[in-house]
Every structure is written in structure tokens, then in C-alpha cells.
Amino acid sequence: MLSHERACGPPQAFMVGREFAHVHPADDGSMHLILPLELVSKGWGEPHPMAEAGYIPANAVMAYAPRDIAEIDILLGILRTSWDFACGHINLPSTIVIHE
């Protein structure tokens with residue numbers, strides 16, 4: 001969740017309130033997060049069931065738990081992209097920077 005001051009992204013950058021992502025317990029390790037729709041269409045995650053039902057934005061996805069150090073780095077980059085989107089740092093698809 002972002003503070004009011006940081007939550008400058010568009011409404012579709014958040015699941016509920018100012019929540020842009022959450023990690024599931026350690027025995028699962030997967031994550032739900034919001035990504036720009038342009039990245040969702042590229043298969044960066046599976047659609048969140050609540051998004052498919054229309055309860056939260058269509059760009060809410062599930063990312064599977066990382067299996068090794070390399071995948072942790074990739075997932076952290078995806079999370080950073082979600083954070084950038086929620087903070088309003090991503091406005092147009094051409095400005096999307098993938099943090100790897």
C-alpha cells in the first residue's frame with residue numbers, strides 16, 4: 001500500500017484503496033499486483049480471478065513464487081514496475097521501463 005502522498009498513479013493502478021500489490025504467505029510465495037495493461041497483454045502474469053469477475057481492475061495479475069535467485073530478481077523488477085505505475089511514474093506505454 002502506498003501513502004496518500006505517493007499514490008499518484010491512475011485509478012487502474014490499484015486493487016482496492018491504495019493497494020497496488022501483496023505477497024501471499026511464505027508457504028505459497030505468489031503475489032497479486034497491478035501492472036499497466038500493456039504488460040498484462042504480454043503475458044507477465046495470469047489474470048486475477050477477481051479481475052476476471054470485474055471486481056477489481058482488469059490489469060490485476062498473479063505472479064507465481066520465484067523458484068531461484070534469478071527469478072527473485074525478475075519478480076522484484078516486476079514489483080518495481082507495479083510500484084512505478086502506482087506512484088504515477090508510468091504514463092504512456094513508451095515510458096515503461098522493465099527493472100531487471
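Colleague: Which residues form a nonpolar patch on the surface, and what accessible area do they have together?

Modeller: In this predicted model, the nonpolar surface patch is made up of I69, I72 and L76. One of its members, I69, lies in helix α3, which covers residues 69-86. Taken together, the accessible area of I69, I72 and L76 is about 290 Å².

Colleague: Is I69 buried or exposed?

Modeller: The cut-off for exposed is over 50% relative accessible area. I69 has a relative accessibility of 61%, and therefore counts as exposed.

Colleague: How many salt bridges does a search of the whole structure find?

Modeller: One salt bridge is formed by E71 with R67, where the closest N and O atoms are 2.5 Å apart. Another is formed by D84 with R80, with the closest N and O atoms 3.1 Å apart. Searching the whole structure gives a number of salt bridges equal to 2.

Colleague: Where do E71 and R67 stand in terms of relative accessibility?

Modeller: E71 has a relative accessibility of 22%, so E71 counts as partly exposed. For R67, the relative accessible area is 72%, which means that R67 is exposed.

Colleague: What separates D84 and R80 in helix α3?

Modeller: D84 is buried, at 7% relative accessibility, whereas R80 is partly exposed, at 39%. Because the two residues are 4 residues apart in helix α3, the separation between D84 and R80 is about one helical turn.

Colleague: The place of S82 is in helix α3; which backbone oxygen lies 2.6 Å from a polar atom of its side chain?

Modeller: S82 has a relative accessible area of 0% and is therefore buried. Leaving out residues up to four places away in sequence, S82 touches F20, L33, I34 and L35. The backbone oxygen at 2.6 Å from a polar atom of the S82 side chain is that of I34.

Colleague: E19 is buried yet has no salt bridge; how far away is the nearest side chain of opposite charge?

Modeller: E19 is found in the segment that precedes β1 (21-23). A salt bridge requires the nitrogen and the carboxyl oxygen to be within 4 Å. For E19, the nearest side chain of opposite charge belongs to R18, at a distance of 11 Å.

Colleague: Which side chain is joined to that of E19 by a polar contact of 2.6 Å?

Modeller: Beyond its neighbours within four places in sequence, E19 is in contact with M1 and F14. The polar contact of 2.6 Å joins the side chain of E19 to that of H22.

Key
Residues numbered from 1 in each chain as written. Predicted model: local features only at pLDDT ≥ 70, side-chain atom pairs only at ≥ 80, totals over all residues. Heavy atoms only, no water. Buried < 20%, exposed > 50% of the residue type's maximum accessible area, 1.4 Å probe, protein only. Lys, Arg positive; Asp, Glu negative; His and termini not counted. Polar contact = N/O pair within 3.5 Å; in protein donor to acceptor, adjacent residues only side chain to side chain. Contact = heavy atoms within 4.5 Å. Patch = residues over 30% accessible without salt bridge, like charges linked within 9 Å, V, L, I, M, F, W, Y side chains within 5 Å. Areas by Shrake-Rupley, 256 points an atom, 1.4 Å probe, with all protein chains shown as cover.
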